[in-house]
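Here are some exercises to work through with the model open beside you. Try each task on your own before reading its solution.

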Amino acid sequence: MHQNSEHLRIVGGQPLQGDVTVSGAKNSVTKLLVASLLSPKPCTFTNVPDIGDVRITVELCQELGMQVNWDKEKGTIRCHTKEIRTSYIPQRFCGSNRIPILMIGALLARTGEDVIVPTVGGCKIGPRSIDFHIEALSKLGAHIELREMKKECAYLAKAHQGLTGGLIELPFPSVGATENAILAAVGAKGTTIIQNAAVEPEIVDIILFLQKIGVNITLDVDRTIRIVGTRHFYEAEHHVVTDRNEAASWGMAAILTKGRVFVKGAQHAHMITFLNKLRELGGGFSVRQDGIEFYYDGPLQGGLHLETDVHPGFMTDWQPPFAVMLTQATGASVIHETVYENRLGFTETLNEMGAQFSLFRQCLGGKQCRFNSCAHYHSVTVRGPTPLKGMSITIPDLRAGFAYVLAALIAQGESRLSGVPFLDRGYEKVVEKMQSLGAEVERVSITPEIPVPQGEHILV
Ligand code: EPU
């Protein structure tokens, strides 16, 4: 069970009103820091959020030799990795997020020395293997194997002949495998072509940064990325793209609580699929130059079919909070999760709160996904609207965590959410932002007399 010293106390029923500013994207800034390890020149990042995953990534990069000057007030990081001190990733960094595995590509590219990465964890949303990463990097001449080392299991990566550009055809547009391949390709001799690459806005953000530091890199319309390896780098400054997960989260909070919130910094171009589904559901929004206003526009209409997909499809990270929206919509709706095989477990807790979700192993939807022949519960139906009641909940991962926050914000009575560090990993000042919008929420320290609430999810 996940032990921590505090929980969130949320009393439902308050409509959220006001303005909120979206922070920089977790899934961009953490990778940008890793990408900056490729270069011996200084880099500056602005719009950096002070969140758990950035803190962990900064610590890891410092361990490897990066000098970091982080002005948290201004949201600026100046970093400089004159040389890499070690290519061994200490075990303590593995298991908290997926960043260590990207060090294989980055460190092989920068140093050519053997890289050791103890096996990683991340949120409990499926096995999340790294076979695509290994296949991709091996096309560039890396040899990666899983080894028992000093009582720990670790990936050992070598490229004793150096990396050489090559053709990588990803079996699935994996975000992490695309990033790892790009990082390695920067240090490879010649040109690398990645086909069926992920093209999420956060990947584009990394491409933009790499171009600034001197990499010749292109993104074609057919998911093909071309990278010409280089050893010649430039100093650069980069503004981190805003977080489309956070933007959607505040939008959903506004609509669900029957309020109105202007989400400053929400980028229309990154949220097209989300906004289409929102309109189908009857949620109100109005796009402005500097953000998007979300508002309750009458009862939500179900009968929706929601299928998650890689970008530009409906993002899997939007799915858990959107599922809470569907509990409040009239009629039956269907969700088909096609990115993760195991990202619907959170619906059991919502059922305990009063929702009516039913899980299915089959693909319920327009297409048969790669999980069709497996036994995974990756489709769910939901019937609404159903009132939800507050309860004690253990947060199992970041996105399910925000889904529970939303459920608690509209539930009757009080909810207590433990596992708050999961939320803090991805949402900057999450409690302060909710309070500023009028939510009745506070962090409460758990004293020994109060038992830590237990849910049925096992936490990393
Ligand atoms: N997969 C494999 N083999 C691999 C790599 C991936 O089978 O070698 C599978 C995964 O198990 C999963 C699917 O492919 O079923 C997608 O994985 P992907 O590699 O695209 O995801 P990721 O890089 O591990 C990132 C984000 C996730 C986000 C996904 C999809 C970061 C740190 N994480 O994960 O974000 O859901 O892309 O967009 O960038 C979050 O922010 O809460 C989060 C989980």
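**Exercise 1.** How many bridges join β15 to strand β16, and in which sense do the two run?

*Solution.* Start with the ground rules: this is a predicted model, in which local features need pLDDT of at least 70 and side-chain atom pairs count only at pLDDT 80 or more, while totals for chains, interfaces and linings use all residues. Residues are numbered from 1 along each chain as its sequence is written, and side-chain values use heavy atoms, with hydrogens and water left out.

Step 1: β16 covers residues 291-295, and 5 bridges join β15 to this strand. Strands are DSSP runs of E with at least two residues, numbered from the N terminus, and helices are runs of H or I with at least four. Two strands pair if DSSP finds at least two bridges between them.

Step 2: β15 and β16 run antiparallel. As one checkpoint, find Val 287, which stands opposite Ile 292 in β16.

Step 3: Now place the pair in its sheet, an open one of 4 strands with mixed pairing and the order β2-β14-β16-β15. Its edge strands, β2 (17-21) and β15 (284-288), each pair on one side only.

**Exercise 2.** Find the strand that holds His 7 and trace the pairing of that strand.

*Solution.* Step 1: His 7 belongs to β1, residues 6-11.

Step 2: β1 is joined to β23 (residues 440-445) by 6 bridges, and the two run antiparallel. Leu 8 has Arg 443 as its bridge partner in β23.

Step 3: β1 also pairs with β22 (residues 414-418), in the antiparallel sense over 4 bridges. There Leu 8 stands opposite Leu 417.

Step 4: Is His 7 buried or exposed? His 7 counts as buried because its relative accessibility is 2%; buried means under 20% relative accessible area, exposed over 50% and partly exposed in between, with a 1.4 Å probe and protein chains only.

Step 5: Leaving out residues up to four places away in sequence, His 7 touches Arg 416, Ser 418, Glu 442 and Val 444, among others. Contact here means heavy atoms within 4.5 Å.

**Exercise 3.** Locate the largest nonpolar core and say which residues have the most contacts inside it.

*Solution.* Step 1: This core has 76 residues, and Met 103, Ile 104 and Leu 210 have the most contacts inside it. A nonpolar core is a set of buried Ala, Val, Leu, Ile, Met, Phe, Trp, Tyr and Cys residues joined through side-chain atoms within 4.5 Å.

Step 2: Helix α3 (residues 99-111) gives the most to this core, with 9 residues.
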